[in-house]
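Good morning, and thank you for the time on today's agenda. Please look at the sequence and the structure together while I speak.

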Amino acid sequence: MHELHLIFQSSPELLTILVLIIGLLVGSFLNVVIYRLPVMMDIGWKKECKEFLDIEDTESNDEAFNLMVPLSRCPSCSSAIKPHQNIPVFSYLFLKGKCSNCKTHIALRYPLIEAFTGITSAIVAFHFGYTVEMGFALLLTWSLIALSFIDIDHQLLPDSITLPLLWLGLFLSLFSVYTDTYSSIIGAIAGYLSLWTVYQLFKLATGKEGMGFGDFKLLSLFGAWLGWEYLPLIILLSSLVGAVIGVFMIIFIKKDRNIPIPFGPYLAAAGWLALLWGDKINALYLNTMGL
């Protein structure tokens, strides 16, 4: 293990390439999580409602459905996807973006998520090097990608991902991995209450809900990981990017302004940027403002 540590410390390029490959593989798994986790949650909610109302479940299916089973199949012809057809990015290129059996086009989204996960993982590895910070930053990066795409698809940020990460951030603060315990605890509280307050004021003024409770928990998560000092930066960056993209979608894509735009991906992107370059961004802002 010590020799491996020395190799990766002396050759950050090798570490970056290795993590890139791992990231591609994780990206393939994230595609499964992004699709199946909301379905699993929906199945669970329906089952709980029927049990609570004492309604016979006539739609129950004995076949297990989770992140591992059933095996992935083509949504068009239901043919099983073989292991050599599931190599991240490369299988898509080899198959020319089509199912090997029915020739139905495979959504470009899948290899893009794999490539995006690989690239962001490589950036994290290059930034942190072979450290404990790198390992946990990779876990957070992968989780944020899953959360972002689930939010885009369903306007949903699953507690099964955000809450364990929030507690993990508080735990890491005991060892000052990214921040100290004081900043972490205050950050978790302030992160939740800040967006909760905005939500309540917006609802009071307009009678509408401006965001979901999952957004509160996501910002609380970043407060726990990075400390309260980074919350203003994350809120500013996410709001700026969200406003720009929202206006762009309304003007150029003709998106109905009454249809809600998920805020989770913007929070996730801002939090990830703060994780890697928060100090530099804060310093640049303060210098620009002459502070």
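Rings of Phe, Tyr and Trp, the last by its six-membered ring, form a pair if their centres lie within 6.5 Å. The model before you is predicted, and a search of the whole of it finds nine aromatic pairs. Which residues do ring pairs link into a cluster? They are Tyr192, Tyr199, Phe213 and Phe216.

Let me turn to the nonpolar core. In soluble globular proteins, nonpolar side chains tend to be buried together. The largest nonpolar core here has 53 residues, and the members that touch the most others are Trp225 and Ile234. At least two residues of this core come from each of H2, H4, helix H5 (132–154), H6, H7, helix H8 (213–226), helix H9 (231–252) and helix H10 (264–288). Which helix gives the largest share of this core? That helix is H5, with ten residues.

I would ask you to find tryptophan 225. Setting aside residues up to four places away in sequence, tryptophan 225 touches Phe136, Leu140, Leu165, Leu168, Gly169, Leu172, Tyr178 and Thr179.

Next comes phenylalanine 222, which lies in helix H8. Is phenylalanine 222 buried or exposed? Its relative accessible area is 1%, and buried means under 20%, so phenylalanine 222 is buried. Apart from neighbours within four places in sequence, phenylalanine 222 is in contact with Leu140, Leu144, Gly227, Ile234, Leu267, Ala268, Gly271 and Trp272. Between phenylalanine 222 and phenylalanine 263 there are 41 residues of separation in sequence and 15 Å in space, C-alpha to C-alpha.

Leucine 166, in helix H6, can be placed relative to that residue. The C-alpha atoms of leucine 166 and phenylalanine 222 are separated by 7.6 Å, with the two residues 56 apart along the chain. Leucine 166 counts as buried because its relative accessibility is 12%. Its contacts, not counting residues up to four places away in sequence, are Lys217, Ser220, Leu221 and Ala224.

For contrast, consider aspartate 279 in helix H10. Is aspartate 279 buried or exposed? The cut-off for exposed is over 50%, and aspartate 279 has 56% relative accessibility, so this residue counts as exposed. From aspartate 279 to tyrosine 230 is 8.7 Å, C-alpha to C-alpha, although the two are 49 residues apart in sequence.

I now move to helix H2, where two polar or charged residues deserve attention: asparagine 31 and arginine 36. Asparagine 31 has a relative accessible area of 8% and is therefore buried. Beyond its neighbours within four places in sequence, asparagine 31 is in contact with Tyr110, Ile113 and Glu114. Arginine 36 is likewise buried, at 7% relative accessible area. Which residues does arginine 36 touch, not counting those up to four places away in sequence? They are Phe65, Asn66, Leu67, Met68, Val69, Pro70, Leu71 and Ser72.

Ser72 also appears in the next topic, the largest pocket. This pocket has a volume of about 1200 Å³. It is lined by 39 residues, and those nearest its centre are Ser72, Arg73, Cys74, Ile81 and Asn86. H2, H3 and helix H4 (109–128) each supply at least two residues of the lining. The largest share comes from H2, with six residues. How is the lining divided by class? There are 23 nonpolar, eleven polar and five charged residues.

Finally, I draw attention to two points in the backbone. Most residues other than glycine have a negative phi. Valine 89, which is not a glycine, has a positive phi of about 65°. Valine 89 is found in the loop between helix H2 (12–52) and helix H3 (90–94). Serine 176, also not a glycine, has a positive phi of about 55°. Serine 176 is placed in the loop between helix H6 (159–173) and helix H7 (181–206). With a relative accessible area of 48%, serine 176 is partly exposed, because that class lies between the limits for buried, under 20%, and exposed, over 50%.

To close, I would leave you with two places to revisit in the structure: the core of 53 residues, with Trp225 and Ile234, and the largest pocket, with its 39 lining residues. Thank you for your attention.

Definitions and conventions
Residues numbered from 1 in each chain as written. Predicted model: local features only at pLDDT ≥ 70, side-chain atom pairs only at ≥ 80, totals over all residues. Heavy atoms only, no water. Helix = DSSP H or I, 4+ residues; strand = E, 2+ residues; numbered from the N terminus. Buried < 20%, exposed > 50% of the residue type's maximum accessible area, 1.4 Å probe, protein only. Phe/Tyr/Trp six-rings, centres within 6.5 Å; stacked < 30°, edge-to-face > 60°. 1 Å grid on protein atoms, 1.4 Å probe; cavity = no way out; pocket = protein on both sides within 12 Å on 5 of 7 lines; lining within 4 Å. Points joined across faces, edges and corners; volume = space filled by probe spheres on them. Core = buried A, V, L, I, M, F, W, Y, C linked by side-chain atoms within 4.5 Å. Contact = heavy atoms within 4.5 Å.
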